[in-house]
Structure formats: structure tokens, C-alpha cells
Amino acid sequence: MSTPNATTIAELLGSDSPTNWGKWGTDDEVGSLNYLDAAAVLRGVAAVATGEVFTLQIPIGDPEHPDPVWPGRTPAVRTQLMDEGFFIRGEEPEPSDGHHWADDKIEMYTQGSTQYDALAHYWYDGKVWNGKPAETTVGALQHASVLPIAERGVVGRGVLIDVARARGVDALAPGEQITLDELLAVASAQGTTIAPRDILLVRTGWIGSYYRTTSDEFYRDWNEPGLVYSRDLVDWFHTTEIPNLVTDTIANELSFYPGGIQLPLHCALMRNLGVAFTEMCQLDDLAAACAADRRWEFLYTAAPLKITGASGAPVNPIAIR
Ligand code: UVW
């Protein structure tokens, strides 16, 4: 069990934290996404009622709002490499057939926008998802990179639990915690059943707040609000067979704990249970539509970019109500 006053992830989680290692074979790289079988896909399709479509990605490379990133990372930089200006300035020879074109490139962290984490993105005790050695991450993720998630795709029934709306705020404040009890109470107040194998979307309003404030304000006293570690929460994810946690924060959970512990749910859910993490989704418009007709279930679909060996990859998930 967990050690009181823990200062490491191993102490906090204890030696009996549940795992799904080996459940889908020793070489599995997509973990709890295996729960999204054909029946789960059809349950998602059955949740579509009105046909409204919501894209959940935040913009990449918006010069007005540099992409929000975990401190220490830098926002994406899009560079224009070719456009009409090159012809106007005589820097590009005129093609004989009259065609002109535009080209550009992006330099960015693979974790630097709305993104899927690879299951081997975060670990403790020298082992990543499914018990593979942490040395498999050296140079590139040889096991459980984002590529197998990208190749598989993610489709299922999504449910949105709108904690910010339930609290009557635009966004939770830094360091505010969401417990399992609150998550289930909000679901109940919404009249939403979180069924086994549902893709869980939790709204804090946090990323939406980035676009309404200054960078200084957003990054001040950095401690993202979100789900807080408890053994009950981990057991609930385990028994409810949640395949995918989707939130509107940069790292999907409360950032920091006493004792210097950072992001323990990355370890308890992603590394141990194989729950896929989708981070930095813009959920505000979807939430408004859900609140308008009090229907928080939908078809959720996503496929991150296929980047070999990467610890994450950008994605533009789609929710269809
Ligand atoms: C960190 O790794 C700090 O967070 P994320 O999962 O958002 O990349």
C-alpha cells in the first residue's frame, strides 16, 4: 500500500497498484485501447443523435496565441519557406508552366499541442508500460511509442464530465483538485452514466482560459488543476475499463503533490493500466452543446499522426453528437 508522506511515485502508489501488464500479451503497445473492440465502436456510433461535429484540437502556430506548453517546452514555430513573395523578389526562377506555390515547415514538441501520449512517455522504477525496460526509450521509443496508437486509431463512446460547469466557473483555478467522488457526483447530476469502456472526457475549462488571459497569468504559480491521485480513482479506472482519458489541460491531472511528486496518474493509469492520455483538448464548444440539450454522450474518434518512435503525436479528435 501507499506510504504516508511519500516522496516518490513508487511510495505513493505502493507495490500493489493495479496493472494490466501482460493482459493483452507481453508485446502489447496500446494497452487499454484494446477495450475498444467492435462492440465498443458500435456503442459509440449509437450515441450519435443529431450529427453535430466538434473538432477538439487547439490551433498550432497561431502567432496571436503561442501554443500553450508544459513549462520548459517551447511553442511550435511555423516558418514560411515559399510563397508569392519569392517570385515578387526574384528569389525563385519563374517555372515555364506558370505554376507558383507555398511551402512551410513546423518545428514543435510532439507533446506541444493537442496530442496523444505514447504509453511509454512516462514511467518510474525503470519500467515502462507492460514491464518493458526503460532503456527501450533511449534514442527513440522502441516499445509503446505513439505509432501503434496512431496505426490503430481510437473510436468509441465518449462521455463528457463537465466539472467546470458543475462548479459554476469558467475554469478551475491552479491546483484545484477533482476527486473520484466529485467526478461521479457531476456525472450523476448531469444524468450521465459512465459505462464500462467509455472514453472519459473531463472538462476543467483550463485550456479555454489560456485564450482569455495573458501568458504571465496562465503560467503563474504553475500547478494545473485536474484529477487527483487516489487509490480509489485508480481502482475505478481499472474496474470500469476506461480506455482513454481526455482533458482540456496540458497534462490531464493535478500537476504537483506534497513531497515533490509530479503527475502520478501518468504512472498509475498510463504506465500501469495502459490508459491512453489525450491532452490539451478544447472542450468548451462541445460542452456548451452538451449542456444545451443535456446529452453528454457522443461518438469519439481520433488518430494521432504516425510518428515512428515518438513519445507523443499531435491529433485533432472529433466528437460527433
Ligand atoms: C509531461 O510530460 C510533463 O506532461 P505531458 O504528458 O503533458 O507531456
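**View 1. Polar contacts and surroundings of the ligand in the predicted model.** A polar side-chain atom of His121 is placed 2.9 Å from an oxygen atom of the ligand, and Glu279 likewise brings a polar side-chain atom to 2.9 Å from a ligand oxygen. For His266, the distance from a polar side-chain atom to an oxygen atom of the ligand is 2.7 Å. The ligand, taken alone, exposes 260 Å², of which the protein buries 96%. Besides His121, His266 and Glu279, the residues around the ligand include Trp70, Arg73, Gln111 and Asp117, and also Ile250, Ala251 and Leu263. Sorted by class, this shell is made up of 4 nonpolar, 3 polar and 3 charged residues.

**View 2. Helix α10, which includes the ligand neighbour His266.** Helix α10 spans residues 264–273 and is mostly covered, with 10 of its 10 residues buried. The buried residues include Pro264, Leu265 and His266 at the beginning of the list, together with Cys267, Ala268, Leu269 and Met270; Arg271, Asn272 and Leu273 are buried as well. Just after α10, the backbone at Gly274 takes a positive phi of about 75°.

**View 3. Helix α11 and the salt bridge between Asp293 and Arg321.** In helix α11, which covers residues 284–293, the buried residues are Asp284, Leu286, Ala287, Ala289 and Cys290. Asp293, also in this helix, is partly exposed, with a relative accessible area of 36%, whereas its salt-bridge partner Arg321 is buried, with a relative accessible area of 1%. The N-to-O distance between the two side chains is 2.4 Å, and the pair links distant parts of the chain, 28 residues apart, since Arg321 belongs to the segment after β15 (318–320). Through shared partners, salt bridges join Asp293 and Arg321 with Glu52 and Arg295 into one network. Arg294, just after α11, takes a positive phi of about 50°.

**View 4. Two further salt bridges, Glu182 with Arg167 and Arg220 with Glu217.** The structure holds 19 salt bridges, and one of them is formed by Glu182 and Arg167, whose closest N and O atoms are 2.8 Å apart. Because Glu182 lies in helix α6 (residues 180–190) and Arg167 in helix α5 (residues 163–167), this pair ties together parts that are 15 residues apart in sequence. Arg167 is partly exposed, at a relative accessible area of 30%. In the salt bridge between Arg220 and Glu217, the closest N and O atoms are 2.6 Å apart; Arg220 counts as partly exposed at 43% relative accessibility, and Glu217 is partly exposed too, with a relative accessible area of 41%.

**View 5. The aromatic pair Tyr210 and Tyr211 and the ring cluster to which both belong.** A pair of aromatic rings is described by the distance of the centres and the angle of the planes. Among the 13 aromatic pairs that the structure holds, the one formed by Tyr210 and Tyr211 is edge-to-face, with 5.0 Å from centre to centre and 90° between the planes. Tyr210 is buried, with a relative accessible area of 4%, whereas Tyr211, at 22% relative accessibility, counts as partly exposed. Ring pairs link these two tyrosines into a cluster with Trp70, Trp206, Phe218, Tyr219, Trp222 and Phe256. Trp70 of this cluster is also one of the residues around the ligand shown in View 1.

Key: Residues are numbered from 1 along each chain as its sequence is written. This is a predicted model: local features need pLDDT of at least 70, side-chain atom pairs count only at pLDDT 80 or more; totals for chains, interfaces and linings use all residues. Side-chain values use heavy atoms; hydrogens and water are left out. A residue is near a molecule or strand if one of its heavy atoms lies within 4 Å of it. A polar contact is a pair of N or O atoms within 3.5 Å; within protein, one must be able to donate a hydrogen and the other to accept it, and residues adjacent in sequence count only if both atoms are side-chain atoms. Accessible areas come from the Shrake-Rupley method with a 1.4 Å probe; for residues, only the protein chains shown count as cover. Ala, Val, Leu, Ile, Met, Phe, Trp, Tyr, Cys and Pro count as nonpolar, Asp, Glu, Lys and Arg as charged, and the others, Gly among them, as polar. Buried means under 20% relative accessible area, exposed over 50%, partly exposed in between (1.4 Å probe, protein chains only). Helices (H or I, at least four residues) and strands (E, at least two) are DSSP runs, numbered from the N terminus. A salt bridge is a side-chain nitrogen of Lys or Arg within 4 Å of a carboxyl oxygen of Asp or Glu. Rings of Phe, Tyr and Trp (its six-membered ring) pair if their centres lie within 6.5 Å; planes under 30 degrees apart count as stacked, over 60 as edge-to-face and the rest as tilted.
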